[in-house]
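Colleague: Please take a close look at one part of this predicted model. I want the enclosed space and what surrounds it.

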Amino acid sequence: MSRLTTTGSIGWALALAFLWLALSASPTHAQQAKLKVGLMLPYSGTYAALGNTITNGFKLAIQEQGGRLGGREIEYVAVDDESDPAKAPENANKLVKRDGVDVLVGTVHSGVALAMAKVARESDTLLIIPNAGAAELTGALCAPNVFRTSFTNWQPSYAMGKVMADRKIQTAVTLTWKYAAGLEAVAAFKESFEGGGGKVLKELTLPFPNVEFQPFLTEIASIKPDSVFVFFAGAGAVKFVKDYDAAGLRKTVPLYASGFLTDGTLEAQGDSAQGLLTTLHYADGLNTPKDNAFRAAYRKAYNAEPDVYAVQGYDSAQLLEVGLDAVKGDTNRRAEMIQAMESARIDSPRGVFTISKAHNPIQDIYLRKVEGRENRTQGVAIKALADPAHGCKAAGG
Ligand code: BEZ
C-alpha cells in the first residue's frame with residue numbers, strides 16, 4: 001500500500017513536471033520568449049552606410065525601451081544583402097526558414113525589397129521596410145503584413161518638381177541609376193515639374209551602381225538646360241556631387257535632387273555640396289523636442305550625427321513597438337497587431353506621421369539647403385503628402 005502511494009506521488013510529480021513543460025511551450029508562456037528580428041540590409045557596397053545607420057537607429061529605439069518590446073526581449077539576426085536583387089530571395093528565405101525570425105526589417109534597395117516582400121507575402125511574415133521606396137510595395141503589391149516607415153520614391157521627388165516649377169525654372173535634364181528607385185523618382189519629378197509648366201529636355205540613365213559620370217556631365221554641358229535633377233544616394237551620391245563640381249557645372253547649371261543626394265554624405269562631399277537644394281521628409285534644424293532628444297541620444301550612443309536613414313530605422317522600431325504593445329508581445333494575435341500599426345501616430349524625429357491605408361507614411365516633405373555640414377530646413381515644401389498608392393485595393397486604388 002505504502003509502495004503504491006509512493007509510486008502514486010512519483011507519478012503525480014512526473015505529471016506536474018510534464019504539465020509545467022507543456023505550459024512553458026504554450027502560447028501564453030511564449031510571450032516571454034525572445035522576439036527574433038531579421039535585419040536584411042546592405043552592410044557592403046554603395047549603400048553600406050545607409051544599412052549601418054538604419055541598424056543604429058533601430059537598435060537605439062529598442063535600447064530606449066530597455067531592450068524589450070511588448071514585454072519580449074529583442075534578438076537580432078543580420079544579413080548583408082549587398083544591394084543585390086539576385087541574392088535577395090535566398091537571403092530573405094534564410095532569415096524566415098532557417099533562422100525563424102518573427103519580423104523581417106529591410107531594406108534599402110528597391111529591387112531587393114521587392115524580392116523580400118514576395119518572401120514575406122508567401123510566408124506571411126511581418127515585413128517593415130525602413131527605406132526602399134518602390135511604388136509597388138505599398139501600391140499594386142500592398143499586403144496586410146507589409147509596412148513601410150520611410151517614403152515612396154514618388155514623395156520627395158514630386159515635391160522637388162513642384163518647388164522648381166513654382167520657381168519658374170523652365171527646363172531640366174535628369175540623370176539617375178536605371179532601376180526602380182531612380183526611374184520612379186524621375187517620373188515623379190517630371191509629373192510635377194511639367195505639370196507646373198517646366199520641360200524635361202532629356203532623361204539620362206546609367207546602370208546601378210556605376211559611377212562613371214563623365215560622359216553624362218559632358219552631355220549636360222552641351223545641352224545647357226536651366227537645371228539638372230538627379231537621384232543618387234550613398235557612396236554614388238558623394239562621387240556625383242564632387243564630379244559635378246569638378247566639371248565646373250555647379251555654378252553654371254544649378255543641381256537639384258531628392259535629399260538622398262546630400263543626406264549622410266556631406267562630410268565626404270565637403271565644399272562641392274554647398275548651397276544645394278533638395279527635398280526630403282527629414283531636415284537639420286527642425287528644433288523640435290522629439291528631434292533634439294533623438295539627436296542627443298544618437299550622438300551619445302554612436303558618437304556621430306544621425307541622418308534620414310537613422311530616423312527611418314528608429315521609426316521602424318517605433319512602429320513595431322506599437323504593434324507589440326497592443327498584443328502584449330503575443331504575435332499570434334496578428335490581426336490586432338496589424339490594426340494597431342495601421343492606426344499608429346508615430347512621434348518621429350521628422351515630425352508626427354500617420355500610416356496610409358496602403359501602409360506608407362503620410363508626411364511633410366521639407367525643402368532643405370546645404371549649409372556647412374547640414375541640410376538646413378527652409379520650411380515645408382508639401383504638407384502631409386500621401387503617395388497615390390496606385391493599384392493598392394486596400395487603399396481604394
Ligand atoms: C531605393 O532603392 O529605393 C533607394 C535607395 C537609396 C535611397 C533611396 C531609395
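Modeller: The lining of the largest cavity has 11 nonpolar residues, 4 polar ones and no charged ones. In total, 15 residues line this cavity. Those nearest its centre are Val-108, Asn-131, Phe-151, Tyr-179 and Phe-231. The volume is about 90 Å³. This is a predicted model, so treat every value here as computed from predicted coordinates.

What takes up the space of the largest cavity? The ligand does. Around the ligand there are 15 residues. Val-108, Ser-110, Gly-133, Tyr-179 and Ala-181 come nearest to it. By class, this shell has 10 nonpolar residues, 5 polar and no charged.

Now the polar contacts. The side chain of Ser-110 places an N or O atom 2.6 Å from an oxygen atom of the ligand. For Tyr-179, a side-chain N or O atom is also 2.6 Å from a ligand oxygen. Val-108 takes part through its backbone, with an N or O atom 3.3 Å from an oxygen of the ligand. The ligand taken alone exposes 260 Å², and the protein buries 100% of that.

The structure holds 2 cavities of 30 Å³ or more. The second largest has about 40 Å³ of space. Its lining consists of Asn-153, Pro-156, Ser-157, Ala-181, Ala-185, Phe-231, Ser-258 and Phe-260. Helices H6 (154-166) and H7 are the elements that give two or more residues to that lining. The classes here are 5 nonpolar, 3 polar and no charged. Two residues link the descriptions: Phe-231 lines the second largest cavity and lies among those nearest the centre of the largest one. Ala-181 lines the second largest cavity and is one of the residues that come nearest the ligand.

Helix H7 (residues 180-195) also turns up at an open site. With 4 residues, H7 gives the most to the lining of the second largest pocket. That pocket has a volume of about 190 Å³. Of its 15 lining residues, Ala-135, Trp-154, Glu-184, Asp-387 and His-390 lie nearest the centre. The lining divides into 7 nonpolar, 4 polar and 4 charged.

Last, the largest pocket. About 330 Å³ of space lies in it. Its lining counts 17 residues, with Gly-264, Leu-266, Glu-305, Pro-306 and Arg-373 nearest the centre. Helix H10 (266-269) and strand E15 (374-385) are the elements that give two or more residues to this lining. Here 9 lining residues are charged, 4 nonpolar and 4 polar. The largest cavity, by contrast, has no charged residues in its lining.

Technical notes
Residues are numbered from 1 along each chain as its sequence is written. This is a predicted model: local features need pLDDT of at least 70, side-chain atom pairs count only at pLDDT 80 or more; totals for chains, interfaces and linings use all residues. Side-chain values use heavy atoms; hydrogens and water are left out. A residue is near a molecule or strand if one of its heavy atoms lies within 4 Å of it. A polar contact is a pair of N or O atoms within 3.5 Å; within protein, one must be able to donate a hydrogen and the other to accept it, and residues adjacent in sequence count only if both atoms are side-chain atoms. Accessible areas come from the Shrake-Rupley method with a 1.4 Å probe; for residues, only the protein chains shown count as cover. On a 1 Å grid over the protein atoms alone, a cavity is a set of points where a 1.4 Å probe fits but cannot get out, and a pocket is an open set with protein on both sides within 12 Å along at least five of seven lines; lining residues have an atom within 4 Å of a point. A molecule sits in a cavity or pocket if more than half of its atoms lie within 2 Å of its grid points. Ala, Val, Leu, Ile, Met, Phe, Trp, Tyr, Cys and Pro count as nonpolar, Asp, Glu, Lys and Arg as charged, and the others, Gly among them, as polar. Grid points are joined across faces, edges and corners, and a volume is the space filled by probe spheres set on the points.
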